[in-house]
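Open the model in your viewer and keep the sequence panel beside it. The tour below says what to select at each stop and what is there.

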Amino acid sequence: MRAQEQVASLLALHPGAIVLQYGAGCQPMANETSRLFLYCDNFSANTLTNPHSNIYQLTPAEQQTAVRLEAEVYSRAERIFTMSDFIRSQFIAQLGTAPSKLDTVHAGFSLDHAVEQHVEQPSDGFQILFVGRDWVAKGGPRLLKAFRLLRNENPAIRLDIVGPKALPPELSDEPGVTFHGFLDKAVPSELRQLQTLYRTSHVFALPTEYDSFGIAALEAMSYGLPVIITGTGALTEIVQGGVTGFCIAPDNDDELVDALRTTRANPDHARAMGMLGSERARGYFTWEGVARRMLAGMNA
């Protein structure tokens, strides 16, 4: 029996006795005898000063209320599963959560979205892929600046942008840029379009300013793409700098340009990094693995 099925069976055999909830943004549907487990990628107290977070937009009074209500849920939980070691460390440092109550289980991607590896890469040109819903928070403007510089050196360089629902104004009529908007994986035609982009790109770039995990980076790795990310949040737990891609400083535009140039100038090395990334993504960052690690925590 697969780990996901084991978790589902455990929950089904003990209805109401075991509750597994994503995050602490709502009061759990559990009674006093229920075993409550949480799965968290972040928490409000950790993002109060981050302008890209949801809680940053609230009034100070609303922020205090959100932090207090979340703390109540955390205190009720028997165990908290975190998406990263980074967030686990923040629970300990900021909320004083006991380390024994926290298990890092990371996150995964659906292998159904990556049934083929990166096998259709074109031999000419250089295609950069960006996938992120929030153009600004995910570092889109920084990537565009680097792209313009590289395109001045070689007009064959292209940039594909996926994620934002609305076209960012600075991308209007931008030479070499194709804006695909938001592609819904639940829509077969849009999923196929996203798969094609993963298969035909040379590098995935996400110079994000804020990211609690980075599922898009995992998807790109699963297709054998070398990945360029910034050293924020949990991204350095996904991408091994110099091995499966490049980890650059969040505020260093020169490092971003250098990483893109290096990838383009060394295609064999880039492909080797991509293959190592694919092995890493498929070998560890799967939902099957996440469920297995959760199950171990529930039975501990």
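Begin with Thr 232. Setting aside neighbours within four places in sequence, Thr 232 is in contact with Thr 208, Glu 209, Asp 211 and Pro 250. Keep in mind that this is a predicted model. Thr 232 is found in the loop between β9 and α7 (235-238). Is Thr 232 buried or exposed? Its relative accessibility is 13%, and buried means under 20%, so Thr 232 counts as buried.

Next, select strand β9, residues 227-230, together with β8. The two strands pair in the parallel sense, over three bridges. To see one pairing, pick Phe 204, whose bridge partner in β9 is Val 227.

Now stay on β8, residues 203-206, and show the side chains. Val 203 and Ala 205 point one way from the strand, while Phe 204 and Leu 206 point the other way. All four of these residues are buried.

Add strand β5, residues 126-131. Two bridges join β5 to β8, and these strands also run parallel. Leu 129 has Phe 204 as its bridge partner in β8.

Which residues touch the most other members of the largest nonpolar core? Select Ile 128, Tyr 198, Phe 204, Ile 228 and Leu 260 to see them; the core has 60 residues. In soluble globular proteins, nonpolar side chains tend to be buried together.

Centre the view on Ile 128. Beyond neighbours within four places in sequence, its contacts include Leu 143, Phe 147, Val 203, Ala 205 and Leu 260. A second, separate core has 13 residues, among them Leu 36, Phe 43, Val 73 and Phe 91.

Two of the contacts of Ile 128, Leu 143 and Phe 147, lead to the next stop, helix α4, residues 140-153. At 1.5 Å a residue, its 14 residues should span 20 Å, and its end C-alpha atoms are 20 Å apart, which agrees. The buried residues of α4 are Gly 140, Arg 142, Leu 143, Leu 144, Ala 146, Phe 147 and Leu 150.

Go on to Tyr 198, in helix α5, residues 188-200. Tyr 198 has a relative accessible area of 2%, and is buried. Its side chain makes a polar contact with the side chain of Glu 219, at 2.7 Å. Select Ala 220 too: Tyr 198 and Ala 220 are 22 residues apart in sequence, and 6.3 Å apart in space from C-alpha to C-alpha.

Move to helix α2, residues 60-76. At 1.5 Å a residue, the 17 residues should span 24 Å; the end C-alpha atoms are 25 Å apart, which agrees. Select Gln 63, Glu 70, Val 73 and Tyr 74, the buried residues of α2. Look down the axis of α2: these buried residues fall within an arc of 100°, so they line one face of the helix. On the other side of α2, Ala 61, Gln 64 and Ser 75 are exposed. What covers the buried residues of α2 includes β1 (18-22), β2 (35-40), β3 (79-82) and α3 (85-95).

The last stop is Arg 79, in strand β3. Arg 79 is buried, with a relative accessible area of 18%. Which side chain makes a polar contact with the side chain of Arg 79? Select Asp 103: the contact is with its side chain, at 2.4 Å. Apart from neighbours within four places in sequence, Arg 79 is in contact with residues including Leu 36, Phe 37, Leu 38, Gly 297 and Ala 300.

Terms used:
Residues are numbered from 1 along each chain as its sequence is written. This is a predicted model: local features need pLDDT of at least 70, side-chain atom pairs count only at pLDDT 80 or more; totals for chains, interfaces and linings use all residues. Side-chain values use heavy atoms; hydrogens and water are left out. Helices (H or I, at least four residues) and strands (E, at least two) are DSSP runs, numbered from the N terminus. The expected span of a helix is 1.5 Å times one less than its number of residues. Buried means under 20% relative accessible area, exposed over 50%, partly exposed in between (1.4 Å probe, protein chains only). The arc is that of the directions from the helix axis to the C-beta atoms. Contact means heavy atoms within 4.5 Å. A polar contact is a pair of N or O atoms within 3.5 Å; within protein, one must be able to donate a hydrogen and the other to accept it, and residues adjacent in sequence count only if both atoms are side-chain atoms. A nonpolar core is a set of buried Ala, Val, Leu, Ile, Met, Phe, Trp, Tyr and Cys residues joined through side-chain atoms within 4.5 Å. Two strands pair if DSSP finds at least two bridges between them.
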